[in-house]
Amino acid sequence: MFGLEALDLARMQFAFTVSFHIIFPAITIGLASYLAVLEGLWLKTREEVYRDLYHFWSKIFAVNFGMGVVSGLVMAYQFGTNWSAFSDFAGAVTGPLLTYEVLTAFFLEAGFLGVMLFGWNRVGPSLHFFSTVMVAIGTIISTFWILASNSWMQTPQGFEIIDGRVVPVDWLAVIFNPSFPYRLLHMATAAFLATAFFVGASAAWHLLRGRDNPAIRKMLSMAMWMALIVAPVQAFIGDLHGLNTLKHQPAKIAAMEGHWDNSSGEATPLILFGWPDMEREETRFKVEVPYLGSLILTHSLDKQVPALKEFPKEDRPNSTVVFWSFRIMAGLGMLMILTGIWSLWLRWRGGLFQSRPFLYLCLWMGPSGLIAILAGWFTTEMGRQPWVVYGLMRTADAVSNHSVTQMSLTLVSFVVVYFVLFGAGLGYMMRLVRKGPVTHEGKEQGIGGPGQHRTPARPLSATEEGMDDDDNVTEVRS
């Protein structure tokens, strides 16, 4: 297929499925915590706007959660079908870690999800809030175990190799490997930011169409507070993560920076833009700032950053891809910080909900968090190459013995099925977003209960009728 080998197709297949999958858990993590905050604020203040937002976003959460579970199952099977040599080599570590995720996080989420989605009028408010919090905690626990497994593949420790297989000898060292804390914080924070900009974009869309009500305003306000506070924190975490990567995976840093040579003896510049050429072993058309690379990565003006030529060719990541994926992630992060700062200025001036240029920016920034997560994931995974377990097992040695024809057919099948199935799911979710929250939902008819219109006990009932853009919207002209 297009001159690609079975290994290339296996990597493409896993990259495709994980890229689709990672979108849903990211939104699930953020929305679960958002719902817990909304319900907690409603219980504390009894302001209807928080309850209205809870009912609205719980429907979107339900759809997103379902797609996340389905898309995640495929990846687990791929470890056995496409990467059987890896499973045989490292399964004693990765297998238990993924099992712990099921036994702790998934069972916790499944146990309380029904109460959260269907129990608003069936259990007491304290139990319902407890269920929402447990689901939110479950998403964080799931992130913990998944990142522990992936981080071990990046910075393995706590093991011995016996008869050609990894055998864990210290589970605390396996779990809390050197890169794990930074990856966990970086990913969880990224999920919160992605959700914040998703929520903010939906609010901006309604405001731009003249749909101005307390629930819409509260959505935008909460999203922008999150951007203002958390985006700079994410930049700080990213800096710590970069320093950790420099220590444990220097070749990845060299590829991210497009830095090839230290023979000049000078401090490392920061290459803002350019085109790393793997064949010519240089970054072409580069625009660089002297000393800034050393300042950012070593916090000094004289130390040098490792260069790609210091590593054998067969051990170098693809700098062309990693260089640009990292810049997409970092550039979007900077835009998030600027968006938060602009929102603070508009809030102070009293124009947060009226500034159309700002609202358009929020709308365009809607997918920015998810794009940044994907770009960061590409940087992490492709920057680890050519290793599947860093320094221990090469990706070429981890793949199953499949033919090019087999891998081509399964890859095409995945692409078709995923775009049809999850495309429909995403379209359905966007319809829910387009409908928007209904203020004082259920106030006159009673909240919850079987058979009632717009009941939160039926989270997917939002499309039964009235899906036109102007239906069921309370407008408050400012």
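A residue is called buried when its relative accessible area is under 20%, and exposed when that value is over 50%. The exercises below apply this to a predicted model.

**Exercise 1.** Determine how many residues of helix α8 are buried, and what follows for the placement of the helix.

*Solution.* Begin with the extent of the helix, which covers residues 250–257. Going through it, one finds P250, A251, K252, I253, A254, A255, M256 and E257 to be buried. Eight of the eight residues therefore meet the criterion, so α8 is largely enclosed by the rest of the structure. Directly after α8 comes G258, whose phi is positive, at about 60°.

**Exercise 2.** Classify G274 as buried or exposed, and describe its surroundings in strand and space.

*Solution.* G274 belongs to strand β3, which spans residues 270–277. Its relative accessibility is 8%, and because buried means under 20%, G274 counts as buried. Leaving aside residues up to four places away in sequence, G274 touches T283, R284, F285, K286, F323 and W324. The C-alpha atoms of G274 and V287 are 6.4 Å apart, although 13 residues separate the two in sequence.

The next step is the pairing of the strand: β3 runs antiparallel to β4 (residues 282–289), and six bridges join them. Within this pair, L270 is placed opposite V289 of β4. The two strands form a hairpin with four residues between them, in which E281 adopts a positive phi near 55°.

**Exercise 3.** Identify which residues touch the most other members of the largest nonpolar core, and follow the contacts of M219.

*Solution.* The core holds 94 residues, and those touching the most other members are Y34, W57, I60, F61, F86, M219 and L220. Helix α1 (residues 6–45) supplies the largest share of this core, namely 19 residues. A second, separate core has 11 residues, F197, M336, L361 and M365 among them. Turning to M219, and again setting aside residues up to four places away in sequence, its contacts are Y34, L53, F56, W57, V199, S202, A203 and P437.

**Exercise 4.** State which residues make the nonpolar surface patch, and decide whether V420 is buried or exposed.

*Solution.* The patch, of about 500 Å², consists of V70, V412, V416, V417, V420 and L421. Helix α13 (residues 404–435) contributes five residues, the largest share of the patch. V420 is located in this helix, α13. Since its relative accessibility is 57% and exposed means over 50%, V420 counts as exposed.

Note on methods: Residues numbered from 1 in each chain as written. Predicted model: local features only at pLDDT ≥ 70, side-chain atom pairs only at ≥ 80, totals over all residues. Heavy atoms only, no water. Patch = residues over 30% accessible without salt bridge, like charges linked within 9 Å, V, L, I, M, F, W, Y side chains within 5 Å. Areas by Shrake-Rupley, 256 points an atom, 1.4 Å probe, with all protein chains shown as cover. Salt bridge = Lys/Arg side-chain N within 4 Å of Asp/Glu carboxyl O. Buried < 20%, exposed > 50% of the residue type's maximum accessible area, 1.4 Å probe, protein only. Core = buried A, V, L, I, M, F, W, Y, C linked by side-chain atoms within 4.5 Å. Contact = heavy atoms within 4.5 Å. Pairing = 2+ DSSP bridges.
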